[in-house]
Amino acid sequence: MELGWLLWGAAVLLLLHVLMELSPSVNFAVRIGFYCLLCLISSALTAPLCLLVNGGRTVKNMKIIKTAVKTFKYLFGLRFEVKGLENFNVDGPAIIVSNHQSILDMMGLMEILPDNCAQVAKKELMYAGTVGLIIYLGGVIFINRKSTSSAKMVMSEVAKTMASDKVKVWVYPEGTRNCTGDLLPFKKGAFHLAIQAQVPVIPVVYSSFTTFYNPKKKLFTSGKIKVEVLPPIETKGLTPDDVTDLTDRCFCTMRKTLFRLSGRPS
């Protein structure tokens, strides 16, 4: 009986492998499904460890989460080439801004996430099963993107937390995923926050995923991701009147870097 089940299992796996080789759509669906399942299982296994080690919700849990997620890249054949990590070494808190491409960004985030750094994420992620639980335990700051007044209140509290706890805050200024190989216009919330708290902005740029990951084309293969942490942009002495200029300056710098890392003309 057990031999029969083993033979059936082997046959199913063999058939699945053949379909993945013949059909990009099947390959994409299987790899995405495996990624989502891996996130759920890893979160379920990591959450008790976070509770045992740190006792509850705290950004310190990100060290544990980071260790687990950094193993994912080996399962998907992804390689990271990182430059500029020394630019995270600022004295005190900072706002880190980066481009946002896909659900795979979590792997890129955990590859370089500095210590004592909280991320800003949409409120809906709280309800993503064990993934919602683990990012809650990791001290992620949730905002309601549908309510401008609520988001502003949260960001105001973030500014106070940055000052009191000396934490860095990671924000995706595009506001949503964008797997086009370019940048969407930046929202100004992160830059308002940086000027309000008088802390530097540290841009982080990931090369385009489009050569190995493209949902529209059902493409998901192995690949290399170049990451560059750019020098901090100071905000001391800036006022709310400078928000637009700071936003545009950061956008232009990151867009130029994105094209360079992705091997495409500006």
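Good morning. I begin with one pair of residues: phenylalanine 80 has isoleucine 225, in strand β9, as its bridge partner. The model in front of you is a predicted one, and I shall use β9 as the way into it.

Phenylalanine 80 takes us to strand β1, which covers residues 78-83. β1 and β9 run parallel, and six bridges join them. β9 is also joined to β6, here by three bridges, and these two strands run antiparallel. An example is tyrosine 206, whose bridge partner in β9 is valine 227. How many of the seven residues of β9 are buried? Five of them are, and the strand is mostly covered. As a general point, side chains in a regular strand alternate between the two faces of the sheet.

Let me set this in the context of the whole chain. It has nine helices and nine strands. Of its 266 residues, 45% count as buried. If we take contacts between residues at least 6 apart in sequence, 76% of them join residues at least 24 apart.

Between β9 and helix α9 there is a loop, and threonine 235 lies in it. Is threonine 235 buried or exposed? It counts as buried because its relative accessibility is 0%. A polar atom of its side chain lies 3.4 Å from the backbone oxygen of alanine 194. Leaving aside residues up to four places away in sequence, threonine 235 touches Ala194, Ile195, Gln198, Val199, Pro200, Val201 and Leu246.

Leu246 brings us to α9, where it is one of the buried residues. The others on that list are Val243, Thr247, Cys250, Met254, Thr257, Leu258, Phe259 and Leu261. An α-helix has 3.6 residues a turn, so residues three or four places apart point the same way. The buried residues of α9 pack against β2, α8, β6 and β9. We may also check the length of this helix. The 20 residues of α9, at 1.5 Å a residue, should span 28 Å, and the end C-alpha atoms are 28 Å apart, so the two values agree. After α9 comes glycine 263, with a positive phi near 70°.

I turn now to empty space in the model. Rolling a probe the size of a water molecule over the atoms shows where such space is left. The largest pocket holds about 1300 Å³ of space. It is lined by 42 residues, and those closest to its centre are His100, Val120, Ala121, Lys122 and Tyr172. Which elements each supply at least two residues of this lining? They are α2, α5, β3, α6, α7 and α8.

There are also two cavities of 30 Å³ or more. The largest cavity contains about 120 Å³ of space. Among the residues that line it are Cys39, Ser42, Ile65, Phe72, Met106 and Val131. Two or more lining residues come from each of α2, α3 and α6. Which of the elements gives the largest share of this lining? It is α2, with four residues. Helix α2 therefore appears in both accounts, since it also supplies at least two residues to the lining of the largest pocket.Thank you for your attention.

Methods:
Residues are numbered from 1 along each chain as its sequence is written. This is a predicted model: local features need pLDDT of at least 70, side-chain atom pairs count only at pLDDT 80 or more; totals for chains, interfaces and linings use all residues. Side-chain values use heavy atoms; hydrogens and water are left out. The expected span of a helix is 1.5 Å times one less than its number of residues. Buried means under 20% relative accessible area, exposed over 50%, partly exposed in between (1.4 Å probe, protein chains only). Contact means heavy atoms within 4.5 Å. A polar contact is a pair of N or O atoms within 3.5 Å; within protein, one must be able to donate a hydrogen and the other to accept it, and residues adjacent in sequence count only if both atoms are side-chain atoms. Two strands pair if DSSP finds at least two bridges between them. On a 1 Å grid over the protein atoms alone, a cavity is a set of points where a 1.4 Å probe fits but cannot get out, and a pocket is an open set with protein on both sides within 12 Å along at least five of seven lines; lining residues have an atom within 4 Å of a point. Grid points are joined across faces, edges and corners, and a volume is the space filled by probe spheres set on the points.
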